[in-house]
Amino acid sequence: MSLEPSKHNMTNSWYLATSKPRQELRAIENLTNQGIKAYSPTINVEKIRAGKRKIVSEAMFTGYVFVNLSPEDGLWHKVKSTRGIRDWVRFSGETAKLPEKLVESFISQESSNTNKITKKCFDEGQSVRVLSGPFRGLKGIYEASSGEERSMILIDFLGKVNQLTVKNEQIATD
């Protein structure tokens with residue numbers, strides 16, 4: 001979800017609401033349909049789906065949505081009953097208020113698309129474990145990806161370090 005930094009009424013502030021599991025985008029869509037400005041920063045994450053590496057966009061802060069309202073606004077009760085929203089985040093009974101500059105920096109960074117963060121499945125040098133196949137149970141070091149469906153790992157086998165190419169679904173972090 002992309003928003004342009006806005007010059008809205010200064011009485012509006014950003015507040016933090018919790019969303020139901022993996023329903024941040026649903027909550028934002030439903031809030032927007034009600035005329036309520038909402039936002040959740042996203043991050044690109046490398047995932048292995050059906051044995052292939054794919055870049056998917058996920059909420060940076062899973063379980064949270066930023067909501068822009070005025071303290072005098074009559075829409076507060078609607079937010080809590082919106083599909084995808086669980087409740088407001090509160091501290092000592094006060095709804096959590098977010099700094100305007102923080103939210104605006106997330107929005108401008110996402111809309112400029114210059115610093116899109118990508119989190120990879122495995123990092124070079126990370127310890128991994130083989131889950132299946134003839135080398136099941138052996139530990140190794142992740143070296144690099146070998147196409148979309150395979151990875152190269154280094155394993156210590158028979159007193160020698162060997163490079164092994166395995167399917168992505170055959171390895172997991174140790």
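**Figure 1. How much of the chain is buried.** Of the 174 residues in this protein chain, 35% are buried, and keep in mind as you look around that the model is a predicted one. The chain is built with 3 helices and 15 strands. Take the contacts with a separation of 6 or more: 60% of them are between residues 24 or more positions apart. As for the outside, the accessible surface adds up to about 10500 Å², and carbon and sulfur atoms own 51% of that.

**Figure 2. Close-up of helix α1 and what sits over it.** Here we zoom in on α1, residues 24-33. Which residues of α1 are buried? They are E24, A27, I28 and L31. Look down the axis of α1 and these buried residues fall within an arc of 100°, so they line one face of the helix. Over on the other side of α1 you'll find L25, E29 and N33, which are exposed. What covers the buried residues of α1? The cover includes the strands β1 (13-19), β2 (37-39), β4, β5 (64-69) and β6 (85-88), along with the helix α2 (76-80). Just past the helix, α1 is followed by G35, and the phi of G35 is positive, near 85°.

**Figure 3. The largest pocket, residue by residue.** This pocket has a volume of about 210 Å³. Its lining is made of R22, E24, L25, S40, T42, S57, E58, A59 and T62. Sort the lining by class and you get 2 nonpolar, 4 polar and 3 charged residues. Two elements, α1 and β4 (52-59), each chip in at least two residues of the lining. Which element gives the largest share? That would be β4, with 3 residues. Two names from the helix view turn up again in this lining, E24 and L25; E24 is one of the buried residues of α1, whereas L25 is exposed.

**Figure 4. R22 and S92, two loop residues with positive phi.** R22, one of the pocket-lining residues, sits in the loop between β1 and α1. Its phi is near 55°, which is a positive value in a residue other than glycine. Is R22 buried or exposed? R22 is exposed, because its relative accessible area of 76% is over the 50% cut-off. S92 is in the loop between β7 (90-91) and β8 (94-95). S92 isn't a glycine, yet its phi is positive too, at about 55°. With a relative accessible area of 82%, S92 counts as exposed.

**Figure 5. F66 and its neighbours.** F66 belongs to strand β5, one of the elements that cover the buried residues of α1. At 5% relative accessibility, F66 is itself buried, since the cut-off for that is under 20%. Which residues does F66 touch, leaving aside those up to four places away in sequence? The list runs W14, Y15, L16, K37, A38, Y39, P41, F61, L98, V103 and F106. For a sense of how the chain comes back around, check F66 against K97: they are 31 residues apart in sequence, with 9.3 Å between them in space, C-alpha to C-alpha.

**Figure 6. I141 in strand β12.** I141 is part of β12, the strand of residues 139-146. It is partly exposed, with a relative accessible area of 37%. Skipping residues up to four places away in sequence, I141 touches G125, Q126, S127 and V128, plus M152, I153 and L154. Where does Q126 lie relative to I141? The two are 15 residues apart in sequence, and 5.6 Å apart in space going C-alpha to C-alpha.

**Figure 7. S146, also in strand β12.** S146 has its place in β12, which covers residues 139-146. How accessible is S146? Its relative accessible area is 30%, and that makes S146 partly exposed. Not counting residues up to four places away in sequence, S146 touches S151, M152 and T165. M152 may ring a bell, as it is among the residues that I141 touches. One last pair to look at is S146 and N168: these are 22 residues apart along the chain, and their C-alpha atoms are separated by 9.4 Å.

Notes. Residues are numbered from 1 along each chain as its sequence is written. This is a predicted model: local features need pLDDT of at least 70, side-chain atom pairs count only at pLDDT 80 or more; totals for chains, interfaces and linings use all residues. Side-chain values use heavy atoms; hydrogens and water are left out. On a 1 Å grid over the protein atoms alone, a cavity is a set of points where a 1.4 Å probe fits but cannot get out, and a pocket is an open set with protein on both sides within 12 Å along at least five of seven lines; lining residues have an atom within 4 Å of a point. Grid points are joined across faces, edges and corners, and a volume is the space filled by probe spheres set on the points. Helices (H or I, at least four residues) and strands (E, at least two) are DSSP runs, numbered from the N terminus. Ala, Val, Leu, Ile, Met, Phe, Trp, Tyr, Cys and Pro count as nonpolar, Asp, Glu, Lys and Arg as charged, and the others, Gly among them, as polar. Buried means under 20% relative accessible area, exposed over 50%, partly exposed in between (1.4 Å probe, protein chains only). The arc is that of the directions from the helix axis to the C-beta atoms. Contact means heavy atoms within 4.5 Å. Accessible areas come from the Shrake-Rupley method with a 1.4 Å probe; for residues, only the protein chains shown count as cover.
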